[in-house]
Each structure stands twice: as C-alpha cells, then as structure tokens.
Amino acid sequence: QVQLVDSGGGSVQAGGSLRLSCAASGYTGGNICMGWFRQAPGKEREGVAALWAGGIGTYYADSVKGRFTISRGLYLQMNSLKPEDTAMYYCAAKIGFCGVDWSMARFWGYWGQGTQVTVSS
C-alpha cells in the first residue's frame with residue numbers, strides 16, 4: 001500500500017510559478033513510478049510528469065515540457081504558468097516501471113487527494 005498526500009496548489013497570475021509537493025509513505029522499495037496528473041472540469045485526467053524511483057529518467061507531457069520539472073521527494077516545479085494549466089493536480093504512484101503508457105491514468109493504482117491550481121490571465 002502507498003499513501004500519498006499532495007499539497008502546494010494555489011492561485012497565481014499567468015507567468016507565475018508554483019511548487020507542488022507529495023508526501024509518500026507505506027512503500028520502501030525502489031521499483032515504483034511516481035508522477036503528477038491533472039484534471040480540469042469536463043476533461044479526462046491526464047499525465048503531466050513522472051519519474052521512476054529506481055533510476056534516472058523523467059517523463060513529461062508535451063504541453064509542459066520546458067516549464068515543469070519533476071523531482072524526487074516528490075515535487076513538481078511549475079514555471080511560466082498559463083491559464084490552461086488550471087486544474088486539480090494529483091500525485092500518483094504505481095508499482096513498477098513508468099512505461100510508454102505512463103500518462104494513462106487507468107494504469108496507476110495510488111492517488112493523492114488533489115490540490116487545486118488556478119492560473120488567471
């Protein structure tokens with residue numbers, strides 16, 4: 001079992017920055033993929049970024065490349081925020097490699113409660 005508690009959301013103007021944090025507990029192995037997803041009203045939950053705890057390498061959605069950075073701990077640094085980044089953000093975990101389908105929410109088994117990010121223009 002993995003327990004996740006995410007935090008750090010808020011309201012910012014376009015061009016601003018936020019840093020999300022995820023506190024994970026209950027799993028001590030290195031064979032786990034950790035990531036961030038987001039879901040805007042009326043839209044599907046989408047993968048934003050991920051990393052595998054057992055090695056190097058990170059994964060990003062095209063829409064956030066160059067603006068967001070995922071790091072161990074788990075954190076998501078979000079810079080140059082845009083109104084279209086507005087969503088509920090969720091920390092997530094799945095046992096094993098991240099894989100080519102990392103951005104598909106149905107393959108992830110553990111979720112945080114979510115933290116709201118609102119970007120105004």
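In the predicted model, the side chains of R38 and E46 are joined by a polar contact of 2.7 Å. The R38 side chain makes a polar contact with the side chain of Y89 as well, at 2.9 Å. R38 sits in strand β4. With a relative accessible area of 7%, R38 falls under the 20% limit and is therefore buried. Its surroundings are drawn from several parts of the chain. Leaving aside neighbours within four places in sequence, R38 is in contact with E44, R45, E46, V48, S63 and V64, and also with F68, E84, D85, A87, M88 and Y89.

Y89, one polar partner of R38, also belongs to the largest nonpolar core. This core holds 28 residues. Within it, Y89, W36, L76 and M78 touch the most other members. In soluble globular proteins, nonpolar side chains tend to be buried together. Seven strands each give two or more residues to the core in this model: β3 (18–25), β4 (32–39), β5 (46–52), β7 (68–71), β8 (75–78), β9 (87–95) and β11 (115–120). The largest share comes from β9, which gives four residues. A second core is separate from this one and has seven residues. Among them are C33, A50, C98 and W102.

Strands β7 and β8 also take part in an open sheet of four strands. The strand order is β1-β3-β8-β7, and the pairing is antiparallel. At the edges lie β1 (3–7) and β7, each of which pairs on one side only. From one strand to the next, the twist averages 15 degrees. The pairing of β7 with β8 is antiparallel and runs over four bridges. I70 has its bridge partner in β8, namely L76. L76 is also one of the residues that touch the most other members of the largest core.

Two backbone features stand out for comment. The first concerns the loop between β7 and β8, where L74 is found. A cis peptide bond joins G73 to L74, with omega at about 5 degrees. The second concerns S80, in the loop between β8 and β9. S80 is not a glycine, yet its phi is positive, at about 50 degrees. The relative accessibility of S80 is 40%, which lies between the 20% and 50% limits, so this residue counts as partly exposed. R38, by contrast, is buried.

Conventions:
Residues are numbered from 1 along each chain as its sequence is written. This is a predicted model: local features need pLDDT of at least 70, side-chain atom pairs count only at pLDDT 80 or more; totals for chains, interfaces and linings use all residues. Side-chain values use heavy atoms; hydrogens and water are left out. A nonpolar core is a set of buried Ala, Val, Leu, Ile, Met, Phe, Trp, Tyr and Cys residues joined through side-chain atoms within 4.5 Å. Buried means under 20% relative accessible area, exposed over 50%, partly exposed in between (1.4 Å probe, protein chains only). A polar contact is a pair of N or O atoms within 3.5 Å; within protein, one must be able to donate a hydrogen and the other to accept it, and residues adjacent in sequence count only if both atoms are side-chain atoms. Contact means heavy atoms within 4.5 Å. Two strands pair if DSSP finds at least two bridges between them. Axes are lines fitted to C-alpha atoms, for helices over the stretch in contact, and angles run from 0 to 180 degrees between N-to-C directions.
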